[in-house]
Amino acid sequence: MTDSQLAVIVLAAGQGTRMKSRTPKVLHPLGGRTVVGHVVEAARRLEAAHVLAVVRHERDLVAASISEQLPDVLIVDQDDVPGTGRAVELAVAALPAGFSGDVLVLNGDVPLLTAETLGDLIARHRETGASATILSAILDDATGYGRIIRGADGELDRIVEHKDATEAELAAREINAGIYLFGFAALREQLAALTTDNAQGEKYVTDVLGLLRTAGAAVAALPVSDAWEVEGINDRVQLAAAAARLNTVTIERWQRAGVTVQDPRTTWIDVQATLAPDVTLKPGTQILGPSVIESDAVIGPDTTLFAVEVGAGAEVKRTEASHSVIGAGATVGPFTFLRPGTILGANGKIGGFVETKNAVIGAGSKVPHLSYVGDATIGDETNIGAGTIFANYDGVNKASSTVGSHVRIGSHSVVVAPVTIGDGAYSGAGTVVRKNVPAGSLAINVSPQRNLEGWTESKRPGSAAALAAETANSPTADN
């Protein structure tokens, strides 16, 4: 149900120079989403009436990414006045006339904060009637973070940015998590009083809290139970740490839901993946993107699936696959590469050292080993012999082949597209299929075998092979 009294502002305008990357900091991947994508997802789950994102650095890239995930988001451009206070000021000005609820401000580089924690913040804020409520955290090492300075009464007095803090203030271990919830009227009034009179020459949104305190308004700080939820990402070390933490949380969630993860240290599961109870993930497995794994499937070891659907009871080992479907009871691997567009039917098999692409392989059909199947449709209960190649590219254009049901393709065959092989047809070993094969026919195109007796002795006299042949052909060889 939409919360008509809630607006969420996502701050995503910063450059993130410490990442040392051409990619904007907030667009770096993390567990299947971008960094800012996790923040946007948390905002979406709150069902706020209004979600706004403030952008500047690589404006079009960041805006497109956020809008793709949340089409109803309102993009706000930050101007040349620097600072989070200015960003919030512009976003507040963009809210529709008549809005008078609460404004939640989120940092686009704090991706692990959950909607549940934010929901608790909103509930606490509304229960107390404070003009502003912020999240804080207690850290052993607070370097780089703004400090929460509390008064003699234990209530929040002010927030001091690290670069502006005195030695005494730097000793504080409670840090500003960068998550703020304001009453709209109080926020709008104090934003107008912000200045750039500080070490950075920026408008700080944190200064709103000090102004509210000076005006006698109630301001509260709510510490989170898990400090890692509010840790920001500024460089690749922190990005890797956040990825590891997120993966640990994700794996534990699936384990508690009935998924067996044999080695959590070498298993990665993206947040968009869905796994059913009694799935087994063996060591070295990665379930990435919006993959769906049904019950009793066994994945791994050493397998990477991206946007792959795996049916119940299927087994996939030592395989790399993307944008593919693996049917119930099917087997894939080892050392198998399923490229986009692969669909394997129930109880089918794609075996060792096989590559497929845009291939629909019917129920019970098998491509057991050492083959390439590209741009092909294969019916049910068909067997593709070892070493078969579907030649789908003539150097300019690609074409498709169709193979019927209950077909037997001999080993080391080549199916040259476009061609159709009818139901129940066979091909001899080593056949190059260039023409359509009617149902029930045998396709062969090799010359009859001839044996030239005595060739080795005649053409390779004195060789080890010739001596072996002479011995084998001697009248006493069978005695």
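**Exercise 1.** Which element supplies the largest share of the lining of the largest pocket?

*Solution.* Begin with the space itself: in this predicted model, the largest pocket holds about 1,500 Å³. Of the 41 residues that line this pocket, Arg18, Lys25, Thr84, Asp109 and Asn234 are the closest to its centre. Next, list the elements that give two or more residues to the lining, which are strand 1 (3-12), helix 3 (84-94) and strand 10 (174-183). The largest share, 4 residues, comes from strand 10.

**Exercise 2.** Determine how many cavities of 30 Å³ or more the structure holds, and describe the lining of the largest cavity.

*Solution.* The structure holds 1 cavity of 30 Å³ or more, and the space in the largest cavity is about 50 Å³. Its lining includes His38, Val39, Leu106, Asn107 and Ile179. Helix 1 (35-45) and strand 6 (102-107) each supply at least two lining residues, and the largest share, 3 residues, is that of helix 1.

**Exercise 3.** Describe the surroundings of arginine 147, and establish what lies around its charged side chain.

*Solution.* First place the residue: arginine 147 belongs to strand 8 (residues 147-150). Arginine 147 is buried and has no salt bridge, since a salt bridge requires a side-chain nitrogen of Lys or Arg within 4 Å of a carboxyl oxygen of Asp or Glu, whereas the nearest side chain of opposite charge, aspartate 141, is 6.2 Å away. A polar atom of the arginine 147 side chain does, however, lie 3.1 Å from the backbone oxygen of alanine 142. Finally, leaving aside neighbours within four places in sequence, the contacts of arginine 147 include Arg158, His162, Glu169 and Glu174.

Notes. Residues are numbered from 1 along each chain as its sequence is written. This is a predicted model: local features need pLDDT of at least 70, side-chain atom pairs count only at pLDDT 80 or more; totals for chains, interfaces and linings use all residues. Side-chain values use heavy atoms; hydrogens and water are left out. Buried means under 20% relative accessible area, exposed over 50%, partly exposed in between (1.4 Å probe, protein chains only). Lys and Arg count as positive and Asp and Glu as negative; His and the chain ends are not counted. A polar contact is a pair of N or O atoms within 3.5 Å; within protein, one must be able to donate a hydrogen and the other to accept it, and residues adjacent in sequence count only if both atoms are side-chain atoms. Contact means heavy atoms within 4.5 Å. On a 1 Å grid over the protein atoms alone, a cavity is a set of points where a 1.4 Å probe fits but cannot get out, and a pocket is an open set with protein on both sides within 12 Å along at least five of seven lines; lining residues have an atom within 4 Å of a point. Grid points are joined across faces, edges and corners, and a volume is the space filled by probe spheres set on the points.
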